[in-house]
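Good morning, colleagues. Please take a moment with the sequence and the model on the screen before I begin.

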Amino acid sequence: MGKVEIVLNSLPMSGGDGPNSYSKNSHLQRRTTSLLKETIDKLILEKLNAKTLISDSNTFHIADLGCATGPNTFFLVDDIIKSVETSLRKSNSSKPEFLVFFNDLPHNDFNTLFTSLPQHRSYFAVGVPGSFYDRVLPQSSVHMVVTVGATHWLSSVPKEVLDKTSKAWNKGKVHYSNAAEEVVKAYRDQFGRDMEKFLEARAKEIVSGGLLVVGMCGIPKGMPFSNLADSIMYKSMADVLTQMQSQVVLHIL
Ligand SMILES: C[S@@+](CC[C@H](N)C(=O)[O-])C[C@H]1O[C@@H](n2cnc3c(N)ncnc32)[C@H](O)[C@@H]1O
C-alpha cells in the first residue's frame, strides 16, 4: 500500500452537516456550553456594565473564538444576548443591536457555519478567519469575548518532545499520558507561552470594562493526568494514530 501524506495543521473540524460532521457530533462540547451558561449569566449581570459600554453606539459586540461550524456557537451566542438584554432591561436601557464575530482557523468550514445561521437571529454576523494566538480584531472593538473548548489546542507541538536528544523527548508518542515529567512540562510551558499571546491579543481587542470568558477542560490540582478518563481515551486514540503511521506519513507542523 502506498504512503499517503496527511498535514495535521490543515485538519479543521469535519465540515458539512453529514453523519460524520462536527455539527452532528459535538454534543459533548454542547454540554460544556450548557454548563457554562449559569456562570456566564452571572458574570454579565454582575461584572459587565453593558449600559455604559454601548452608550455611544447602541451596538453590543460579541466574539466567539474557535467557533467551529456550529451549532454550539449559536446556542452560546443566543444565551449571551439574552443575558445582556436582561442586564440592559434592569438598567432601563433601550434594546441594542448585536454584532457577532465568529472566529476560527482559516480552514474551518465557514460555509456550513453561515448557511446554518439561525434564520430568526437577533444579530449581525461576521466571519473572522485567523489564529486567536494573534490579533484577530481591531483595537478596542469588542465588548465580550468567549471561547469554549478551543484554547487547549496548542499553536504547535513543543519542539523538545520531538527532539531525541532532549529529556522531554516523547518517544514518538502523540500524547503525554503516562509520560515523563519533562514531557508534561514541555506541553505545560507551550500552553503558558500560547496563553500569554492569547491574553496579550485580547487585552488589545476588548474595550476597557469588557468581559473575557475562557471555557476549557481542566484537572484537579495535583491529580496526575493518567488518572483521568480522558487519559485512557487519548491513550487508545494515540495507539490508533501510531498504527496508522505505519501506513501513512504524518507531518506534524
Ligand atoms: C473542539 S472545537 C470547539 C468548537 C466550539 N467552540 C464548540 O464549543 O462547539 C475547537 C475549535 O477551535 C478551533 N481552533 C483551534 N485552534 C485555534 C486557533 N489558534 N485560532 C482559532 N481557532 C482555533 C478549531 O479549529 C476548532 O474549530
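**The cavity, helix 5 and two buried residues**

The largest cavity has a volume of about 40 Å³. I should say at once that this is a predicted model. With 30 Å³ or more as the rule, the count comes to one cavity.

Which residues line the largest cavity? They are Thr33, Lys37, Ile40, Asp41, Leu76, Asp79 and Ile80. Two elements each give two or more residues to this lining, namely helix 1, residues 27-47, and helix 3, residues 72-90. Helix 1 gives the most, with four residues. By character, the lining of the largest cavity divides into three nonpolar residues, one polar residue and three charged residues.

Let me stay with helix 3 for a moment. Glu85 has its place in this helix. Is Glu85 buried or exposed? Its relative accessibility is 16%, and because buried means under 20%, Glu85 counts as buried. Setting aside neighbours within four places in sequence, Glu85 is in contact with Lys95 and Phe98.

I turn now to helix 5, residues 181-205. How far apart are the end C-alpha atoms of helix 5? The 25 residues of helix 5, at 1.5 Å a residue, should span 36 Å, and the end C-alpha atoms are 36 Å apart, so the two values agree. The reasoning here rests on the expected span being 1.5 Å times one less than the number of residues.

The buried residues of helix 5 are Val183, Ala186, Tyr187, Gln190, Asp194, Met195, Phe198, Ala201, Arg202 and Glu205. What covers them includes strand 2, residues 59-65, together with strand 5 and strand 6, the latter being residues 206-215.

Two of those helix 5 residues lead to my last point. Val136 touches Arg202 and Glu205, both of which are among the buried residues of helix 5. Where is Val136 found? It sits in the loop between strand 4, residues 124-129, and strand 5, residues 142-148. With a relative accessibility of 16%, Val136 counts as buried.

Leaving out residues up to four places away in sequence, the other residues that Val136 touches are Leu65, Asn103, Val128, Gly130 and Ser131. Of these, Leu65 deserves a further remark: Val136 and Leu65 are 71 residues apart in sequence, and their C-alpha atoms are 9.3 Å apart in space.

Thank you for your attention; I welcome your questions.

Key: Residues are numbered from 1 along each chain as its sequence is written. This is a predicted model: local features need pLDDT of at least 70, side-chain atom pairs count only at pLDDT 80 or more; totals for chains, interfaces and linings use all residues. Side-chain values use heavy atoms; hydrogens and water are left out. On a 1 Å grid over the protein atoms alone, a cavity is a set of points where a 1.4 Å probe fits but cannot get out, and a pocket is an open set with protein on both sides within 12 Å along at least five of seven lines; lining residues have an atom within 4 Å of a point. Grid points are joined across faces, edges and corners, and a volume is the space filled by probe spheres set on the points. Ala, Val, Leu, Ile, Met, Phe, Trp, Tyr, Cys and Pro count as nonpolar, Asp, Glu, Lys and Arg as charged, and the others, Gly among them, as polar. Buried means under 20% relative accessible area, exposed over 50%, partly exposed in between (1.4 Å probe, protein chains only). Contact means heavy atoms within 4.5 Å.
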